[in-house]
Amino acid sequence: MTRKQLAIPVVFVLLGAVLMLPNLGRRSLWSDEAGTALYARTILTHGIPIAFDGVNVPHSSDFNSDLVLVKLPWLPYYITAGSFAAIGVDAFSARLPFVLFSLGTIGLFWFMAHKLFACRRAAVVSTLILVLSTAFLLYSRQCRYYAPCIFFTLLSMSAYPTLSLQSKRSLVLFIVAMVGVFHSNYLVFFCLAGAWLVDFLAFDRSTGKAQTGLIAAMLIAVMTLPWLVYAECFSRIAGDSQFDSASHMARLFVGYYMKLNWLCLLPAVFAIALPLLIFYKTPDGWKVHVWPCRMLMFFAVYIALLAVF
């Protein structure tokens, strides 16, 4: 890739920085952000997130009998603690690392779009839509798991198409991405893993992909299962799940999708436009583009699982 081509994602990252960084620490941390900051401060003194910093105690359902946080994985809290240790404890330092994750997301998104569309103009338009998305900017500026989840999810999407035993780079990136998603929010991890499983069963049931996926799954399990057992996540998931029946699941899906469109109109545009791209006419008749079908099914499964959990 030439310097001129590299300049494009750099410009988008700089534009994202201009939109995300100003007045980053001006507003106080809201309640969930404050919880992240509280646990991060206890990491600096105890090494692990403890539910008491000498003054404040968060919601009682967040921690176990030893006052150790178990409701959510610890990666966002260690990210915040690292920032506190490096540049001090305030709202700006709490939010800064999550903005950096989002800036990385912008660069990664451009490279993925450029590779997918094989068209610089399409990549530019796609990335511009992302950078100017109000929802993306809002979640990027918060001291929560949102930005790491977005980044690692996108990283998994960039690695999955070339996932094989012959491509160690893709295998390592996919494992890192999935472990990163898990340790940001394990519910998002299960939804993402479910979407990848459906994609594999529907479109890519090759022996090589199956073997690679099995190896990746075992390595991911080694780096995630201990925390699941310690935090008793399986019983927590069963208790929090909203699934009752197929019709109830359908209502949850529609309701969740409407909430997404309330935040940002683009999901509705995506759902309307993508089916129009599936079919195309050739001299031999109508044919089907595979990748729009895969994208539509992937996000439908992903959103459905998010709605249930």
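**Close-up views of a predicted model**

**View 1. Phe 182, Tyr 186, Phe 189, Phe 190 and Trp 227 make up one aromatic cluster.** The model shown here and in the other views is predicted. Within the cluster, Tyr 186 and Trp 227 form a tilted aromatic pair, with 5.9 Å from centre to centre and 50° between the planes. Tyr 186 belongs to helix 9 (residues 186-203) and Trp 227 to helix 11 (residues 225-230), so this pair ties together parts that are 41 residues apart in sequence. Tyr 186 is buried, at 3% relative accessible area, and Trp 227 also counts as buried, at 10%.

**View 2. Trp 110 and Phe 111 form an edge-to-face aromatic pair.** The structure as a whole holds 16 aromatic pairs. In the pair of Trp 110 and Phe 111, the ring centres are 5.3 Å apart and the planes stand at 85°. Trp 110 is buried, with a relative accessibility of 0%, whereas Phe 111 is partly exposed, at 35%.

**View 3. Lys 209 lies over the face of Tyr 160.** The distance to the ring centre is 4.5 Å.

**View 4. A nonpolar patch of about 620 Å² lies on the surface.** Its residues are Leu 165, Leu 214, Ile 215, Met 218, Leu 219, Val 222 and Met 223. Leu 219 is part of helix 10 (residues 207-222). The relative accessible area of Leu 219 is 39%, so this residue counts as partly exposed.

**View 5. The whole chain, for context, contains 15 helices and two strands.** Of its 309 residues, 41% are buried. The accessible surface is about 16,700 Å², and carbon and sulfur atoms account for 69% of that area.

Methods. Residues are numbered from 1 along each chain as its sequence is written. This is a predicted model: local features need pLDDT of at least 70, side-chain atom pairs count only at pLDDT 80 or more; totals for chains, interfaces and linings use all residues. Side-chain values use heavy atoms; hydrogens and water are left out. Helices (H or I, at least four residues) and strands (E, at least two) are DSSP runs, numbered from the N terminus. Buried means under 20% relative accessible area, exposed over 50%, partly exposed in between (1.4 Å probe, protein chains only). Accessible areas come from the Shrake-Rupley method with a 1.4 Å probe; for residues, only the protein chains shown count as cover. Patches are made of residues with over 30% relative accessible area and no salt bridge: like charges are joined within 9 Å, nonpolar side chains (Val, Leu, Ile, Met, Phe, Trp, Tyr) within 5 Å. A salt bridge is a side-chain nitrogen of Lys or Arg within 4 Å of a carboxyl oxygen of Asp or Glu. Rings of Phe, Tyr and Trp (its six-membered ring) pair if their centres lie within 6.5 Å; planes under 30 degrees apart count as stacked, over 60 as edge-to-face and the rest as tilted. A charge sits over a ring if NZ of Lys or CZ of Arg is within 6 Å of the ring centre and within 35 degrees of the ring normal.
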